[in-house]
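Biologist: I am new to this structure. Could you walk me through how to read it?

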Amino acid sequence: MRNDLSRRRFLRGTAVAGVGAGGASAASHSPAAPPGWHGATRTRTVATNCEMCFWRCGVLADVAEGKVGKLEGNPDHPLTRGRLCARGNAGIKLLYDGDRLKTPLLRTGTRGEGKFRPISWEQALDLFAARLRDIKEKYGAESVAFFPHGVAATFFSTLMKAFGTPNSAEPAFAQCRGPREVGYALTFGQGLGSPEPVDLAEAKMIVLIGSHIGENVFTSQVTAFSEGLSKGAKLVVVDPRLSTAAAKADWWLPIRPGTDIALLLAWMHVLIAEDLYDKEYIARYAQGFPDLAAHVREFSPEWAETITELPARQIRETARAMAAARPAVALHPGRHVTWYGDDSQRARAMAILTALLGAWGRKGGIFLPTAVTRGKFALPPFPESKRGRADGAGTRFPLASEEQGVTNGLIEATVTGKPYPIKGWIVYGQNVLESIPQRAKTLKAISQLDFMAVVDVMPMDQINYADLVLPEATYLERYDMPAIVESAKQPYISIRQPAVEPLYDSKPGWWIAQEMARRLGLEAWFPWKDPDEHLAKIVEPMGINPDALRARGSAEFPGRPYIEDRLPSDGPLFPTASGKIELSSPILKQLGFDPLPRYTPVPNPPPGYFRLLYGRVPVQSFARSENNEWLDALMPENVLWINASVARDHGLKDGAEVILENTDGARCLPIRVKVTEGIRPDSVFMAHGYGSRSRALHRAFRKGASDTDLITRVQVDPLMGGTGMRVNFVRIINGALRNGD
Amino acid sequence: MARYAMVTDLEKCVGCLACTIACNAEWEVPTGFARTHVRSTPVTGTFPHLIQSFCVAQCNHCDHPPCVEPCPSGATYQGEDGIVRVNQSLCIGCGFCVDACPYDARYINPVTKKVDKCDFCSLRIERGQPPACVATCTGHAKFFGDLDDRESDVFKMVYEKGARRIQSADVAPGPNVYYLGREAQTSLVAASFPPRRPKLPRAGEFWSRLVKPLVVAAVGATFLGQAVAFFQQLRAGEKEFED
């Protein structure tokens, strides 16, 4: 296989031959070359999926003498075509991180103290099963809550459902993408899924609302973004900060934070008032247009100017530019969008704007997923819970996903014991203390637990609070549920398979879940003996050979991404109740919410305070990657972006150390300032994923500051329970003064 | 003979650092060092009228490389393909070439004590693979190829689209790393990262820095020789005894 890959010629003409022919050629140079991975001793190449984040890019792991020598992008992978981001390239340093969890651990000290003793897997799994049985007998199976993250959690999800608890929640919903899934589903009848199907490569105009592509790196999305730009797409970036993307924009709109809905309404106003929207598309596919037109009549660019602090002229100009590019307008729905508590409504506004531009299901807009049939084991039905969910999904938060759940709802239930007690937490690959806001509340919930188990690769802060810690093998050492991605132009399956044997006493997740099931008498839900049998079943109806799949790493299927490609078997274009795009939402009306999005005023920071914004840097994934040797070396600390005028007022020079204190008195670790014109004077910004409090992470411990330390307040989205987290204000305490402050 | 060049399309580069890490992985660059750097220009202008750009920096494989002449051991040389390389077996780690490089593209590897830098991934291109940074570039912003090949991407970018190189009236070694982008962007990059005047060794420094490694080597060799002789004798003695 490797030879096939090498044969993909990248140089035209005789360039390559030329190198070998020269006197001082690379060939003659080889013996004296510096050390490096040259593949000379490579024994095999394993095609697998990356897990440095959850995009699941295709990786080739070159293995020599039982070690992974280098990771390269897999040129055959349908999504990433041979490219990998910094984190993906640094995956080896997760595999060979000496700080990894090495053996099952049993807590011996008090919660948080970090004292453990190693135990065997046999003991650990027996203990796990016994404790879960105890809770079930005493409180009922629902009193065990599950906090998963990522597709690798699938086997544990099955285990938890089989055990009888519906209480599973991941931050991917209530701290991340939930609002957009809800907002788009209300409008188009279906959410977006991940990777989100935004046709950036074919767009004539790209609109980013807070999305900071480039700093937030998902390889294929960056590739498509630059492809779109290089083919001439215009770019609008709405962001209070000059992000990497904003620096490339034709229009950078440094909006007053929290006012995006006003801007979106004004854009709709211009499209409708000036008759620029896609009339044919709306007439054919949408319902509720007269209500929408009446609703946005008053929201002129002049109205929006007073709210957003963006010139009305610029709002008009960008709306007209979008109209000129329609339907090829890629309005990116965002990913982490839990900002202000009205986030599902902002997503609704973005979805409606997408519809007015005729961009859903169109080339250069949002393309459509194509279903892939997968094989399934015939499992017994999961036991039904009489008590229902404890997190409020489907009840208190009527539109929350019952598959992904509401993490903060589960924490709340654990703290209050309502609607019923939660006494056990199983955490898989999630960093509950860093990824969920209001850490004090999370710690309070943990202190009330009878049992907490964490399955993870690295000793994140949370393990210190766990009773039982189970070391999982890294993604390079294990099989996982294959990624079956429908929201791609060419839908595909790609697999994760071990490149090397698990190091230390770590075990793959599938094995851990299966062993737990065996001890809990739940084997019936795991009717396969090993990964080979599991994979064979899944690919059964796909007409592909599992061995060929293992060799290539992925297989793609024909996609039907645009409206004109669709077949009757693809189902209705807009699976809403009306079968049309619902511009005005009957569901929201029925639930007593605004059927059309409305701007709710946001407060300005109190005098002396700034709005705390946070986001990504390309070397960090969530709060998971901060201990990686190579990534740490490139950006060991995060920095605090402050406007140059703020720096002058505070007497701060670039690089000065400060701490931040929010209006509740919460403080972060020291952080250095980056003085820049590239941020609004009313806001400050820091990257997420720093300031770890885990001593066991030798490189990351106390490096930089954690935004989570300062997020003591949230604005909860009443539709779906998402925690709006950009509602905290901080003041800057000069480092030199802070001891006496 | 080929004339190799690298072009970064600044419009497409998002500063994601994938190139740096891929290069580090490919060449086992010690942590904290790099053969490929992603530099960010300062944000210039006044809010909200601002520009900023990235600059991917590496060895420029100059037409007239200022690093070759100062090398006392002949380790740094330019191949017929234009690629400037360091022959590791000849390098004595004196660092003159590091000082001479106008682009700060060289470093002394603390493990091998020898100079290291980008060599356009010679071993990869020999195998028909693109350089590691080009292969992984998430923004598809880096291009590598032969400027003598009129069909190559780099030829088109340099001779048709006007990619520019960073040099000044003072320091113009003819770099073969080019940058394509809007005029404001490439000018900002050129102004932010001007080539510095090569620092040539002063007479005294020349000998002290050159001699030191040689002395160390000589002393080391002497010591090693004696040690070897000693152990040989020891072994021989034992052997005798055993016999």
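Modeller: Let us start where two domains meet. This is a predicted model. In it, 18 residues of domain 1 of chain A are in contact with 23 residues of domain 2 of chain A.

Biologist: How do the residues on the domain 1 side of chain A that touches domain 2 divide into nonpolar, polar and charged?

Modeller: That side of domain 1 of chain A has 8 nonpolar, 6 polar and 4 charged residues.

Biologist: Where do the two domains of chain A lie in the sequence?

Modeller: Domain 1 is made of two stretches, 181-369 and 573-591. Domain 2 covers 610-737. The centres of these two domains of chain A are 28 Å apart, taken over C-alpha atoms.

Biologist: Now the whole chain. Why does the radius of gyration of chain A agree with a compact globule?

Modeller: Compare it with what the chain length predicts. For 741 residues, a compact globule would have a radius of gyration near 27 Å; chain A has 26 Å, so the two agree. Along its principal axes, the C-alpha trace of chain A spans about 75 × 70 × 65 Å.

Biologist: What percentage of the residues in chain A is buried?

Modeller: Of the 741 residues in chain A, 60% are buried. Look at sequence separation too. Take the contacts in chain A between residues at least 6 apart in sequence: 73% of them join residues at least 24 apart.

Biologist: How many helices and strands does chain A have?

Modeller: There are 25 helices and 26 strands in chain A. Take one strand, β14 of chain A, residues 468-471.

Biologist: Which residues lie on each side of β14(A), and are they buried or exposed?

Modeller: Leu468(A) and Leu470(A) are on one side, Val469(A) and Pro471(A) on the other. All four are buried, so to read the strand, note that both faces are covered.

Biologist: Which strands are joined to β14(A) by bridges?

Modeller: Strand β4 of chain A, residues 105-107, runs antiparallel to β14(A), with 2 bridges. Strand β13 of chain A, residues 451-456, runs parallel to β14(A), with 4 bridges. Leu468(A) is the bridge partner of Leu106(A). Leu468(A) is also the bridge partner of Ala453(A).

Biologist: Which residues have the most contacts inside the largest nonpolar core?

Modeller: They are Leu265(A) and Val329(A), in a core of 303 residues. Helix α11 of chain A, residues 260-273, gives the largest share of this core, 10 residues.

Biologist: What is Val329(A) in contact with, leaving aside its neighbours within four places in sequence?

Modeller: Its contacts include Ala203(A), Met205(A), Val207(A) and Met322(A). Leu357(A), Ala359(A), Gly364(A) and Gly365(A) are also in contact with Val329(A).

Methods. Residues are numbered from 1 along each chain as its sequence is written. Chains are lettered from A and ligands numbered from 1 in the order in which they are written. This is a predicted model: local features need pLDDT of at least 70, side-chain atom pairs count only at pLDDT 80 or more; totals for chains, interfaces and linings use all residues. Domain bounds come from an automatic or database domain assignment. Two residues are in contact if their C-beta atoms, placed from the backbone, lie within 7 Å. Ala, Val, Leu, Ile, Met, Phe, Trp, Tyr, Cys and Pro count as nonpolar, Asp, Glu, Lys and Arg as charged, and the others, Gly among them, as polar. The radius of gyration is taken over C-alpha atoms; the globule rule is 2.2 Å times the number of residues to the power 0.38. A residue is buried if 20 or more other C-beta atoms lie within 10 Å of its own, exposed if 12 or fewer, and partly exposed in between; C-beta atoms are placed from the backbone. Two strands pair if DSSP finds at least two bridges between them. A nonpolar core is a set of buried Ala, Val, Leu, Ile, Met, Phe, Trp, Tyr and Cys residues joined through C-beta atoms within 7 Å.
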